[in-house]
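Trainee: I would like to go through this model with you, one question at a time. Could we begin with strand pairing and work outwards from there?

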Amino acid sequence: MYLTRYLVRYKHPGYEIWLNALTGAVDWLSREEVGLIERTYCRQEAPDEEPLLTQLVARGYLYHDEAAEKRAFDELVDDHAEAGGVRITNQIVCPTYSCNLRCVYCFERLPHGDLPRKPMDRTSTSAALAAFSHIRETEPERNYSIGLFGGEPLMPNTRSVVSRILADAESNSLPVMIVTNGFDVSGFVPLMEQYVSSIMAVQITIDGPEDVHDERRPTAGGRGSFKSVAAAVDSLLEKQIKVVLRTNVDSSNVGRLPELARFAKARGWAGNPAFSCSLAPVKDHLHSGMIPNVTPEAELLSALLDVYDRDPDTEDLFGFEGFQMLSAIGGLVKQDQPSAPRVYHCEANYGGFWVAGPDGFIYACPESIGQPQLAIGRYLPELEIWTENREKWAGRNIRTIKACADCQIGPLCGGGCTYASLNDLSDGSRPVCEPGLIDAIGVFLQRRVLRSR
Ligand code: SF4
Ligand code: SF4
């Protein structure tokens, strides 16, 4: 017998947790059971006489030989590649790269220098929308949504562009997701009301109670933005427009989440069916060292679990969704069943993003905007899709990167961030390993999954 390479073992006194990254299975085994398995696969005995071993074969821990495991791996990648073709594809417009806030961790201020400040005008908006329409016709089997992103997409000088995008989305029956810092949202509420049936949600960021938020997300003039942003959430909920409250979390604000949770409750947001929350660990994808307080995910997760243990209401509100590496096993907590492993790291790897920047280029990932050398096409002066560039993103998965195909947690990680991989001017074949990923998963299994059984 052959023991899968995708096995992650967490050893504890008296038992082990086995996580199968390829099948998503998680099992608790006694020392005796582990001994039996080890003896069997070392002696190359057939497992059929032993019910435990038969079960382990069924759960993908043991294979007849390495070739059988490879077939299971290929099947997984092929299934996901097929499903990727119909997953939601986000066509995102960035009306401007400018922003009215100066968030301390903003990736758009990173090494690629100053982004062009000129917002989209009538001509570029028409060209971007026409490009997206053409792409939808070319790949009609996909499901599409429209996104607004920036810079900050909702500012007084983007109003007419936003209005045209919402009208276009409505006429094409496409749902719209708006990602905004919320500072100028109040002035857009009447416009959003007009297109309420098209707006899937408005994502607004609040990073903690007022003092925390204001320190992390000041205006360009250095003032706090909390009060305006909180008022924006009020106005949207009043009109029953869905709000996703996003909190960018790192070691400096994780401990203040309960105060934000209490604020959301006192303000009447928590419990409103149109309101939900999501956490996003602050990342420095390019390892620039310019983003303060970036915390390794295992460490951040431990700190978050400490907070949640003390304050379960905060866990109920924020949960774990933003922890990307948990998404492949997160279903264990909620549904008590294995979740699908992932063969891609993110949407960019199945062509799930088309991002039109105000510079006339089209990008495959929202963080790569403003860097024409990473573009996958352009919509000005006319539409061009650069297939070879697109393939670097959309063709990248754990099978195309040798190190990831062999990696113990490959099907949980998905190969790491393509943007980071491409940024060193490689062809994207470099794996981008998050430090401490295995530890983080172990922490989560131990403190949540095990507890829930
Ligand atoms: S990026 Fe690193 S951790 Fe992720 S699958 Fe590849 S080798 Fe493994
Ligand atoms: S490629 Fe990296 S930065 Fe871009 S969306 Fe994916 S994970 Fe995020």
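Trainee: Which residue in β9 stands opposite Thr180?

Mentor: This is a predicted model, so each statement here concerns computed coordinates. Strands β8 and β9 pair in the parallel sense, and 5 bridges join them. Within β9, the residue standing opposite Thr180 is Ile204.

Trainee: How many of the 7 residues of β9 are buried?

Mentor: Strand β9 spans residues 199-205 and is mostly covered. In the order of its open sheet, β11-β10-β9-β8-β7-β6-β12-β13-β14-β15, β9 is written between β10 and β8. The number of buried residues in β9 is 5.

Trainee: Which are the edge strands of that sheet of 10 strands?

Mentor: The sheet is open and its pairing is mixed. An edge strand here pairs on one side only, and the two that do so are β11 (275-281) and β15 (384-385).

Trainee: What is the bridge partner of Gln91 in β12?

Mentor: Strand β6, residues 88-93, pairs with strand β12, residues 353-356, in the parallel sense over 4 bridges. In β12, the partner of Gln91 is Trp354.

Trainee: What angle does the direction of α5 make with that of β7?

Mentor: Helix α5, residues 159-171, packs on this sheet and touches β6, β7 (143-148) and β8 (176-180). With directions taken from N to C, the angle between α5 and β7 is about 165°.

Trainee: Turning to the sheet β2-β3-β4, which strands stand at its edges?

Mentor: This open sheet has 3 strands, and its pairing is antiparallel. Two of the strands each have a single partner, so one side of each is left without a neighbour in the sheet. The strands in that position are β2 (7-12) and β4 (26-30).

Trainee: Which residue in β4 stands opposite Tyr15?

Mentor: Strand β3, covering residues 15-20, pairs with β4 in the antiparallel sense over 5 bridges. Opposite Tyr15, in β4, stands Ser30.

Trainee: Which helix packs on this sheet, touching β2, β3 and β4?

Mentor: The direction of the helix makes about 55° with that of β2. The helix comprises residues 437-449, and its name is α17.

Trainee: Which residues of helix α13 are buried?

Mentor: Helix α13 runs over residues 387-394, and what covers its buried residues includes α16 (418-423). The buried residues in α13 include Lys392, Trp393 and Ala394.

Trainee: Which elements give two or more residues to the shell around ligand 1?

Mentor: There are 13 residues around ligand 1, and Cys404, Cys407, Cys413, Pro431 and Cys433 come nearest. By class, the shell holds 10 nonpolar, 3 polar and no charged residues. The elements that contribute two or more residues are α14 (402-405) and α15 (410-413).

Trainee: How many charged residues does the shell around ligand 2 have?

Mentor: The residues around ligand 2 are His285, His345, Cys346, Ala348, Cys365, Glu367, Cys417, Thr418 and Tyr419. By class, 5 of the shell residues are nonpolar and 3 are polar, and Glu counts as charged. The number of charged residues is 1.

Trainee: What is the radius of gyration of the protein?

Mentor: The C-alpha atoms fill a box of roughly 70 × 50 × 40 Å along the principal axes, and buried residues make up 42% of the 453 residues. A compact globule with 453 residues would have a radius of gyration near 22 Å, and the value for the protein agrees with this. That value is 23 Å.

Methods:
Residues are numbered from 1 along each chain as its sequence is written. Chains are lettered from A and ligands numbered from 1 in the order in which they are written. This is a predicted model: local features need pLDDT of at least 70, side-chain atom pairs count only at pLDDT 80 or more; totals for chains, interfaces and linings use all residues. A residue is near a molecule or strand if its C-beta atom, placed from the backbone, lies within 6 Å of it. The radius of gyration is taken over C-alpha atoms; the globule rule is 2.2 Å times the number of residues to the power 0.38. A residue is buried if 20 or more other C-beta atoms lie within 10 Å of its own, exposed if 12 or fewer, and partly exposed in between; C-beta atoms are placed from the backbone. Two strands pair if DSSP finds at least two bridges between them. Two residues are in contact if their C-beta atoms, placed from the backbone, lie within 7 Å. Axes are lines fitted to C-alpha atoms, for helices over the stretch in contact, and angles run from 0 to 180 degrees between N-to-C directions.
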